[in-house]
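Good morning, colleagues. Please take a moment with the sequence and the fold before I go through the contacts and the sheet in turn.

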Amino acid sequence: MITQIRPSQLATWLESVKEFGTPAVLDVREPYELSVASIKANGFELITIPMGVIPPRLNELKPSQPIACICHHGGRSMQVASFLKARGFEHVANIAGGINAWAAELDPTVPRY
């Protein structure tokens, strides 16, 4: 089962997993989406790899590193989180609501699209 967290719960999740290493937020949106709306790393490493190229770039991610996945609304990131979990990644979460919820809950300066 994949842990579901809202953007407003991210800080608590980051705190709960930091003993396992520097947590990362994995943004799986496409480059054009990143150009419209992006988040800033704050207490985590920000990694951007589009969902479609996760399999060939899997070696860029560390299975022991805590990773919270994010996309536009949470669907693609949930698929990526499940993919990572199935490949032995230990501490994986999905940011439910995605960047859209991030803008609503954490940072209203992030454009909604």
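Asp-27 and Arg-29 form a salt bridge, and their closest N and O atoms are 2.8 Å apart. Both residues of this pair, Asp-27 and Arg-29, are buried. I should say at once that we are looking at a predicted model.

How many salt bridges does the structure hold? There are 5 salt bridges, and I shall discuss two more of them. In one, the side chains of Glu-33 and Arg-76 meet at 2.9 Å, N to O. Glu-33 belongs to helix α2, residues 31–36, and Arg-76 to helix α3, so this salt bridge ties together parts that lie 43 residues apart in sequence. Are the two partners buried or exposed? Glu-33 counts as buried because its relative accessibility is 3%, whereas Arg-76, with a relative accessible area of 24%, is partly exposed.

The other is the salt bridge between the side chains of Arg-6 and Glu-105, at 2.4 Å, N to O. Here distant parts of the chain are linked: Arg-6 sits in the loop between β1 and α1 (10–17), Glu-105 sits in helix α4 (residues 98–105), and the two are 99 residues apart. Arg-6 is partly exposed at 35% relative accessibility, and Glu-105 is partly exposed at 30%.

Let me turn to the aromatic residues. A search of the whole structure finds 1 aromatic pair. Its members are Phe-44 and Trp-102, arranged edge-to-face, with 6.4 Å from centre to centre and 85° between the planes. Because Phe-44 lies in the loop between α2 and β3 while Trp-102 lies in helix α4, the pair ties together parts that are 58 residues apart in sequence. Phe-44 and Trp-102 are both buried.

Next, the sheet. What is the order of its strands? The sheet is open and has 5 strands, in the order β1-β5-β4-β2-β3, with parallel pairing. At the edges are β1 (3–5) and β3 (45–48), each of which pairs on one side only. From one strand to the next, the twist averages 30°.

I shall take strand β4, residues 67–70, in some detail. Ile-67 and Cys-69 point one way from this strand, Ala-68 and Ile-70 point the other way, and all are buried. With strand β2, residues 24–27, β4 pairs in the parallel sense over 4 bridges; in this pairing Val-25 stands opposite Ala-68. With β5, β4 also runs parallel, joined by 3 bridges, and there Ala-68 has Ala-93 as its bridge partner. Between these strands the chain passes from β4 through α3 to β5, a β-α-β crossover that is right-handed.

Strand β5, residues 92–95, also pairs with β1, in the parallel sense and over 3 bridges. In that pairing, Ile-5 stands opposite Ile-95.

My final residue is His-91, which is placed in the loop between α3 (75–86) and β5. Why does His-91 count as buried? The cut-off for buried is under 20% relative accessible area, and His-91 counts as buried because its relative accessibility is 18%. Which residues does His-91 touch, leaving aside those up to four places away in sequence? On that basis, the residues touched by His-91 are Trp-13, Phe-20, Ser-64, Gln-65, Pro-66 and Ile-67. One of these, Ile-67, we have already met among the buried residues of β4. Thank you for your attention.

How values were computed:
Residues are numbered from 1 along each chain as its sequence is written. This is a predicted model: local features need pLDDT of at least 70, side-chain atom pairs count only at pLDDT 80 or more; totals for chains, interfaces and linings use all residues. Side-chain values use heavy atoms; hydrogens and water are left out. Two strands pair if DSSP finds at least two bridges between them. Axes are lines fitted to C-alpha atoms, for helices over the stretch in contact, and angles run from 0 to 180 degrees between N-to-C directions. Buried means under 20% relative accessible area, exposed over 50%, partly exposed in between (1.4 Å probe, protein chains only). Contact means heavy atoms within 4.5 Å. A salt bridge is a side-chain nitrogen of Lys or Arg within 4 Å of a carboxyl oxygen of Asp or Glu. Rings of Phe, Tyr and Trp (its six-membered ring) pair if their centres lie within 6.5 Å; planes under 30 degrees apart count as stacked, over 60 as edge-to-face and the rest as tilted. A crossover is right-handed if, with the strands pointing away from the viewer, the path from the first strand over the helix to the second runs clockwise.
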